[in-house]
Structure formats: C-alpha cells, structure tokens
Amino acid sequence: MEQPNKIRVFHSISEMHRIFALPQPLHPLISMLDYSKTQITPQMLAHPFVMDFYNITYNESAGCRMRYGQTTYDFAEGGMFFTSPGQPLLAIESAESSLGFTLLIHPDFLRNYALDTKIKRYAFFSYSVNESLHLAGKENKIISTIGKNIDEELQTSIDDITQDVLISQIELLLNYSQRYYKRQFITRKPLNNALLEKLDTILDNYFNDKTALMNGLPTVQFLSDQLNISPKYLGDMLRSLTGHNTQQHIHIRLIEKKAKEVLTISNLTVGEIAFQLGFEHPQSFSKLFKSKTNLSPLEFRASYN
C-alpha cells in the first residue's frame, strides 16, 4: 500500500491519465484536460506528485487553491502556473466549478523542433507556485482561446501537419505568457520594490555581521531562500527593476555599500578587506572592484583621501 505522504512520480502522460481514471490521451506525448469536459476531483490532487513532462495550468475562475510548502495560494481571480519535468507539486485543491485547462507536454513531443531548446529559456517554468501569473480580463480571453485551439487540434484526425500546428500554438501560448509576466512585473512594482528593499537589508546584514567572513559570498540560492521566492523569479524581478541579474546586484551592493566604506574609514589592507567580504583570493576582490569603479581598491582609497 502506498504511503500517503510519498511523492508519486508520473513517467508518462498515459500513466497519469490511468491513475486518475481519466480517458486515455488522444496523443501519448501531449494531453489537454479541459475542465468543462473533464472532472478533476480534489481526491486526485490531494497528495504530492512529480511529472516527467511540462505542465501548463490555466484557471479561468475561482476554485483553485495550491499549497507550496506551508502556504496556500488562492487563484480566485484566475491565473496560470507552469512546471517543468521533475518539479514537485505538493497539493492542489480544485473545486468542481473551476474553469480552465491543464496542458501536459512530454519533452519528446518537442524533439527536432526549435521549441525543444527555447522552452528552457522561459524562466517561469522554474518559478514557485506563489509566483504564478495573474491575468486581467482580456488576457484571460486570449489564453482561453489558444487553449481551445489546442484542444480542437487534438480532436482532429492526426496527419503530418498536426505536430507543427500544435507546436506553433504552444509557442504562441508561451509567448503570451511571457508578455503577461513582463506586465505583471510592472503592475506589481510596489510589491517588488518592497522585496528589493528586503533583499538589500539581507545583503547589508550579511556583510556587516561577518557572515561573509565565515561563509563566503552570499549565493543566489541563499538569498532566494531568505525571500521565499525562486532563484529564477528573483533574477527576473531584479532585471525588471534594476536591469541587473542577482549576481550582478550582489556585487554592486557589496562594492557600493560595503567595500567603498571599509576602504575609506579603515586601515585594513586590501587582502584583509577581501577576506572580510567573503573572497578567497584578494585578486578576485580587486578585479571585481576595478570592474565596477574603474579604479583599483588602493587607487580608490588614495583618490578619496
């Protein structure tokens, strides 16, 4: 008997359909679950599972709640979330009244198409559930229409053009999602600015309390864990606000808010400062400092004095 908390792994779309007592997919490598035709019961999704294929889920109406870690997220106004192969889903609650669809795509379906490589560049496949895409009215209509087009194509007799049509529709769906995420970063700028302030506080404390001396430079994973957001989302958020990725932001904050201060108010050698800030080698610190200021640490100290 399977343990309740054990994570189930679905290796194929057909296996997932069978376990959930759904009709067998019309194509073994791609499946569209239209909620108006397919009943997704809470019992199906009550336990954690992992899929070896891509998942694109769109909820048009109230009724979907997802749990990520210890937090529950309510998609009462409609939205989308994306998972890549191997990414766990901890729990989903879906009311019978919910509208929308789930599109499942096995990586093998994309083989020999440019999308096989391009899909890995859509960062939102690595976002956490709490970073899902929330849609406005017109956006809902566009996503819903593309979903219907994919469903209708799957219902059509398969010919030598079927896969080309489906691939183009999937790419259209992903490109619109990319556009709407960029819009979301803009509309949520106040919230993201608050996250940026929290990030900078974490960085300042990290360098001020000698954590860097003991543990080295802060990693992107460490910072995303502190903020409870995914590394990919953190990087995309920072690019939308500052034009820099997370690693660049760490370096800029380190140089502007800490290194320059220590160089001007202390008599520590460049090597001592480097080790204090988490660098293994003073040369690495000096190279980074010069790349950001066009001056070596000693030249900066001399010019300031």
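Q: How many aromatic pairs does a search of the whole structure find?
A: The search finds 20 aromatic pairs. Rings of Phe, Tyr and Trp (its six-membered ring) pair if their centres lie within 6.5 Å; planes under 30 degrees apart are stacked, over 60 edge-to-face, and the rest tilted. This is a predicted model, with pLDDT of at least 70 needed for local features and 80 or more for side-chain atom pairs, while totals for chains, interfaces and linings use all residues. Residues are numbered from 1 along each chain as its sequence is written, and side-chain values use heavy atoms, leaving out hydrogens and water.

Q: Cool, what's the geometry of Phe-10 and Phe-20?
A: Phe-10 and Phe-20 are edge-to-face, 5.4 Å centre to centre with 70 degrees between the planes.

Q: Are those two buried or exposed?
A: Both Phe-10 and Phe-20 are buried, where buried means under 20% relative accessible area, exposed over 50% and partly exposed in between (1.4 Å probe, protein chains only).

Q: And why is the Tyr-176 and Tyr-180 pair called tilted?
A: Their ring centres are 5.9 Å apart and the planes sit at 35 degrees, so the pair is tilted. Tyr-176 is partly exposed at 23% relative accessibility, whereas Tyr-180 is buried at 5%.

Q: New topic: which residues of helix H7 are buried?
A: In H7 (residues 220-227), they are Leu-223, Ser-224 and Leu-227. Helices here are DSSP runs (H or I, at least four residues), and strands likewise (E, at least two), numbered from the N terminus.

Q: What do they pack against?
A: The buried residues of H7 pack against helices H5 (189-208), H8 (231-242) and H9 (246-265), with contact meaning heavy atoms within 4.5 Å.
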